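Thanks for making time this morning; I would like to talk through a couple of positions in a model that some of you will not have looked at yet. Please have the sequence and the structure open while I speak.

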Amino acid sequence: MSTSTSTTAGDLSAARSPLIGWLAVVSVMLGIFSIVTAEILPIGLLTSIGSDFEISDGAAGLMMTMPGILAAVAAPAVTVATGRLDRRFMLCALMLLLAVANFLAAAATSYGVMVVSRVLVGLVIGGFWSIGAGLAARLVRSAHAGTATAVIFSAVPLGSVLGVPAGTLVGHLAGWRATFVIMGVLTVAILVALAVLLPPLPAEHVTRLSVLTGLLRDSGVRAGLVLTFLVVLAHFGTYTYVTPFLQQVTGAGPGVVTAFLLVYGVAGIAGNFVAGATARRALGATFAVSGALIACATLLLPLLGTSHLGALALLVVWGLAYGAVPVCSQTWFAASAPHATEAATIVFTSSFQATIAAGALLGGVVVDAASPSAVMTFGGAVAVLMALCAWAAARPRREGI
């Protein structure tokens, strides 16, 4: 990155009104919120959509698999291919594509059309995340960059606590298609906000494939990849099918499922902020504890989740634990590659999304071949392995090796 480019970016953020800068940060956060919500929305609507298209819960899980696969590819591909384009233009273009995907899902006449809409969501996830997650320092003064970054990343738990329960409730009251229509309208509104509030954001530097492949030679990055793969596999291999579990095993009706997912989301926000404080001091231990708590929750659900109270208590534990995962994973990659923050964000996004796809796919195979309880046991076993690996990976850090 040239000195002149860096100075120009700093002058832009300093010259703009602080209020406009923070509104721009919020607009990026809302963009990521809409993306996170669109990605995981089918979790709450899985049974309804599957019933309409006459497919199994496992087959319906492809709605989670397809975005993850495309996002994993799009994160490096879109960022590298558009590296010289203005970042405001890219974010607006991607938000327009997300609106198209939501309206296409609402109008889907077959499951094939629904899958196409999910492919578009995947393209948006990879591109928007890789570009938007690192923009905070260009929108506000450098002294507030850390807080602005936290605001942007708060979109992840907010997608769970607000987006998915609200979407599930709308789907219960007005049908799942209405949920996607509302998401489309919301996305258009966010597109307008991005276009109005973001300043011109010319590319500061170009992330090349050689930089990405070079990161994979770092032992810390490789450890982060293993831990992220295991914990996200455990989570999305189970959470994708939590609605069928609550309906079939717990005996919860649609209204209760919505309330339970809301409580889970609130716990996730709490876990996000707790991890934000503890990960700076004890990253490996925080990551290991989150994996261990996910293991406890999923392994105990088939035993204690037969009652409403037992299921709710375990969902609270699960939410607290998973709320820490994105924070720990992103922090791990950033700490392992402080010299290449955008490239580290791309690796984080790509690995996270690829594993979402793998988890949803493997979980679908298990749930169709066995039962929702069996998929919880499968995920719990993987989470146990992750917790052990995280503790082992953190040991050299604790001992100063």
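I will go through two residues in turn, beginning with a valine and ending with a threonine.

Before anything else, please keep in mind that this is a predicted model, and that what I say about side chains should be heard with that in view.

Let me start with valine 188, which sits in helix H11, the helix that covers residues 176-197. Is this valine to be called buried, exposed or partly exposed? Its relative accessibility comes out at 36%, and because buried means under 20% and exposed means over 50%, valine 188 is classed as partly exposed. Once residues up to four places away in sequence are set aside, valine 188 touches Ala99 and Phe103.

Phe103 then turns up again, since together with Val181, Val185, Val188, Val192 and Val196 it forms a nonpolar patch on the surface, and the accessible area of these residues together is about 490 Å². Which helix gives the largest share of this patch? That is H11, from which five residues come. For a sense of distance, the C-alpha atom of valine 188 is separated by 33 Å from that of alanine 321, a residue 133 places away along the chain.

Now to threonine 168, whose place is in helix H10, residues 155-174. Here the relative accessible area is 5%, so threonine 168 is buried. Its contacts, leaving aside neighbours within four places in sequence, are with Gly44, Leu45, Thr258 and Leu261.

To put the two side by side, valine 188 is partly exposed, whereas threonine 168 is buried.

Notes:
Residues are numbered from 1 along each chain as its sequence is written. This is a predicted model: local features need pLDDT of at least 70, side-chain atom pairs count only at pLDDT 80 or more; totals for chains, interfaces and linings use all residues. Side-chain values use heavy atoms; hydrogens and water are left out. Helices (H or I, at least four residues) and strands (E, at least two) are DSSP runs, numbered from the N terminus. Buried means under 20% relative accessible area, exposed over 50%, partly exposed in between (1.4 Å probe, protein chains only). Contact means heavy atoms within 4.5 Å. Patches are made of residues with over 30% relative accessible area and no salt bridge: like charges are joined within 9 Å, nonpolar side chains (Val, Leu, Ile, Met, Phe, Trp, Tyr) within 5 Å. Accessible areas come from the Shrake-Rupley method with a 1.4 Å probe; for residues, only the protein chains shown count as cover. A salt bridge is a side-chain nitrogen of Lys or Arg within 4 Å of a carboxyl oxygen of Asp or Glu.
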